[in-house]
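Welcome, and thanks for taking a look at this one. Please open the structure below and keep it in view while you read.

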Amino acid sequence: MDRVFEALGDPVRRIVLELLSGGEQPAGEIVAVLQRRAPISQPAVSQHLKVLREAGLVRVRAEGTRRFYALDPAGVEAARAWLTRLADPLEPFEQPLDALATEVARGRRSRPVDADRAAPESDTPDSRPA
């Protein structure tokens with residue numbers, strides 16, 4: 001997880017992730033977008049892409065000599081889950097607690113009622129009015 005947040009610590013890499021959030025992009029387009037924003041070389045962009053790839057945040061697909069980059073949903077989800085645990089440390093217990101509440105409610109519905117209150121008056125000769 002440290003690699004993920006180290007990768008996210010660089011503003012250029014965050015821009016790359018924002019660009020890739022719109023869908024897969026060829027490496028050349030990523031370079032062009034970054035160069036329009038700031039003076040950066042193609043090798044520097046390649047290095048940023050490598051860091052993101054090694055952190056598990058992006059994946060690469062080769063098509064001939066071209067490379068296409070896209071967000072790696074597994075890496076993004078891992079980062080999101082880690083942040084969620086920080087923001088809501090009880091979140092992992094939410095589903096089991098919901099299940100417990102359901103079982104408690106079922107138990108209340110199916111619990112036998114006190115025998116004196118539960119037995120209907122019978123129609124035996126002893127209980128009929130005379």
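## Strands

Let's start with the strands of this predicted model. Strand β1 (residues 25-26) and strand β3 (residues 66-71) run antiparallel and are joined by two bridges. One place to look is proline 26, whose bridge partner in β3 is phenylalanine 68.

On to the next pairing: strand β2 (residues 58-63) pairs with β3 over six bridges, again in the antiparallel sense. Here alanine 62 has arginine 67 in β3 as its bridge partner. The hairpin of β2 and β3 has two residues between the strands, and glycine 64 takes a positive phi near 65° there.

## A charge over a ring

Phenylalanine 68, the bridge partner of proline 26, also has a charged neighbour. Arginine 61 lies over the face of phenylalanine 68, at 4.7 Å from the ring centre.

## The nonpolar core

Which residues touch the most other members of the largest nonpolar core? They are Val16, Ile30, Val45, Leu52 and Leu57, in a core of 17 residues. Helices α1, α2 (11-20), α3 (27-37) and α4 are the elements that each give two or more residues to this core.

Isoleucine 30 is a good residue to click on. Leaving aside residues up to four places away in sequence, isoleucine 30 touches Val16, Leu19, Leu20, Gln25, Val45, Leu49 and Tyr69.

## Two residues of helix α4

Histidine 48 lies in helix α4 (residues 42-54). Is histidine 48 buried or exposed? Its relative accessible area is 13%, so histidine 48 counts as buried, the cut-off being under 20%. Beyond residues up to four places away in sequence, histidine 48 touches Asp10, Val12, Arg13 and Ile40.

Glutamine 47 is also found in helix α4. With a relative accessible area of 44%, glutamine 47 is partly exposed. Its C-alpha atom is separated by 9.9 Å from that of arginine 13, and the two residues are 34 residues apart along the chain.

## The aromatic pair

The count of aromatic pairs comes to one. Phenylalanine 5 and tryptophan 82 form this pair, with 4.9 Å centre to centre and 45° between the planes. The pair is classed as tilted because 45° between the planes is neither under 30 degrees nor over 60.

The pair links distant parts of the chain, as phenylalanine 5 is in helix α1 (residues 2-8) and tryptophan 82 is in helix α5 (residues 73-87), 77 residues apart. Phenylalanine 5 is partly exposed at 26% relative accessibility, and tryptophan 82 is partly exposed with a relative accessible area of 31%.

Note on methods
Residues are numbered from 1 along each chain as its sequence is written. This is a predicted model: local features need pLDDT of at least 70, side-chain atom pairs count only at pLDDT 80 or more; totals for chains, interfaces and linings use all residues. Side-chain values use heavy atoms; hydrogens and water are left out. Rings of Phe, Tyr and Trp (its six-membered ring) pair if their centres lie within 6.5 Å; planes under 30 degrees apart count as stacked, over 60 as edge-to-face and the rest as tilted. Helices (H or I, at least four residues) and strands (E, at least two) are DSSP runs, numbered from the N terminus. Buried means under 20% relative accessible area, exposed over 50%, partly exposed in between (1.4 Å probe, protein chains only). A charge sits over a ring if NZ of Lys or CZ of Arg is within 6 Å of the ring centre and within 35 degrees of the ring normal. Contact means heavy atoms within 4.5 Å. A nonpolar core is a set of buried Ala, Val, Leu, Ile, Met, Phe, Trp, Tyr and Cys residues joined through side-chain atoms within 4.5 Å. Two strands pair if DSSP finds at least two bridges between them.
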